[in-house]
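Visitor: I should like a close look at a single part of this model, namely its disulfide bonding and the packing that surrounds it. Please then follow the packing into the rest of the chain.

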Amino acid sequence: MMLRSAVCLLLLAVPCGAFMEDLLRQMGQNGGGGFGGFEMGGEMAPAEAEWPEHVDDEISSDFNWMKASTWHWNGWNNVVFHADGRFEAPSAECAQENMCKWTANDGKIYILWGEAGLHVLRAQVNDATAGNVLRGTREMDGDDCEARFVSRDASAVEMDPYEVLGVDQEASERDVKRAYRKLSVKYHPDKNQGNDAAIETFNKIREAYEILGNPDKKILYDTGGLEAVKGADKEGAGGAMDPFSAFFGGGGGGRRGRNANKGPDASVEMAVSLAQLYSGATAGATIQRRVVCRGCRKSRKGKCAECGACPPETKMVQRQMGPGTFDNVVIL
């Protein structure tokens, strides 16, 4: 009798477990329910808001003043336009990663606000200043919206040397030097005594020229941004900079070559004759490598349209595998 009861319990446990697993899987597929949106036996694919085709996802340099700024939205609460394109608001939509973001170009500011959809606004003046107001509408229903300037954290915005000197990425060394001389004369401390803002601008001009006026640093900035330049400065302290050592982990010798972050090994097959091997000869070789331009990391428009897709990035993240259960998984 006891044996038969045990068998019955065992048989009942199987369909119950299968039923719960199927239920939880369906909840994960339907957006999360009360268990965080996980999928049994796999990982949750995070949702991401997609820009409409008519909206350029690249923030124009004309709107750099919007980066890292805080605004009071519709008399309701403060929102933040982060420098990296994230839009932060104390709402349920923006609590989800990649569901709220912003961009600005062609005189308009675009906000993708989760399920609330696209908002299109224009600034009263193109400056992060007290009294400035953004006004526009929500495309979904045409409702009016506005935001009033609160503050801006300039320290959170990475300096763009091209913007500081007022030149583009295709500018020649001569153009860069000419722009530097013109601006350094205008903002020199001797001509702006007591003007702290002008002195700060002069320091930025000098820092920008130190990057764009140095061919090696310009290569590093164009491919890796300020972080690559600062990293190379640390690695190259006490010696001449070799930008290729930052890419391949060599080329500079000494302490820099040993400490640099090394990339993958490269090999080239070459056909040579026995006579060349015996007597010695010089031969050239070409190695192709993938370089991601600074401005093409998040955009495939304009000059970046010819760029190929980047390979999948592998990283370790934490995922919820079940109620109260988390695990580290590798994703692409």
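Guide: A disulfide links C94 to C100, with an S to S distance of 2.1 Å. The structure is a predicted model, and the count of disulfides in it comes to one. The torsion about the S-S bond of C94 and C100 is about -90°, so this disulfide is left-handed. Both of its cysteines, C94 and C100, are buried. Another cysteine, C145, also counts as buried, because its relative accessibility is 7%, under the 20% cut-off.

The two bonded cysteines lead directly to W113. Setting aside neighbours within four places in sequence, W113 is in contact with both C94 and C100. The other contacts of W113 under that restriction are W73, W76, V79, F87, A89, S91, E93, M99 and H119. W113 belongs in turn to the largest nonpolar core, which has 23 residues. Within this core, W113 is one of the residues that touch the most other members, together with M66, W71, F81, F87 and W102. Strands β1 (69-73), β2 (77-81), β4 (100-105), β5 (108-113) and β8 (144-152) each contribute at least two residues to this core. A second core, separate from the one just described, comprises 17 residues, including Y162, L165, L183 and L212. In soluble globular proteins, nonpolar side chains tend to be buried together.

L212 leads to helix α4 (residues 196-212), where it is buried along with A198, F202, I205, A208 and I211. The buried residues of α4 pack against α2 (161-165), α3 (173-186) and α5. At the N-terminal end of α4, N195 acts as a cap: one of its side-chain oxygens lies 3.2 Å from the backbone nitrogen of A197. The length of α4 can be checked as well: at 1.5 Å a residue, its 17 residues should span 24 Å, and the end C-alpha atoms are 25 Å apart, which agrees.

Helix α5 (residues 215-235) contains L226, which is buried because its relative accessible area is 7%, again under the 20% cut-off. Neighbours within four places in sequence aside, L226 is in contact with I211, E158, M159 and Y221. Of these, I211 is among the buried residues of α4. The C-alpha atoms of L226 and D160 are separated by 8.5 Å, although these residues are 66 apart along the chain.

Key. Residues numbered from 1 in each chain as written. Predicted model: local features only at pLDDT ≥ 70, side-chain atom pairs only at ≥ 80, totals over all residues. Heavy atoms only, no water. Core = buried A, V, L, I, M, F, W, Y, C linked by side-chain atoms within 4.5 Å. Buried < 20%, exposed > 50% of the residue type's maximum accessible area, 1.4 Å probe, protein only. Helix = DSSP H or I, 4+ residues; strand = E, 2+ residues; numbered from the N terminus. Contact = heavy atoms within 4.5 Å. Disulfide = S-S within 2.5 Å. Expected span 1.5 Å × (residues − 1). Polar contact = N/O pair within 3.5 Å; in protein donor to acceptor, adjacent residues only side chain to side chain.
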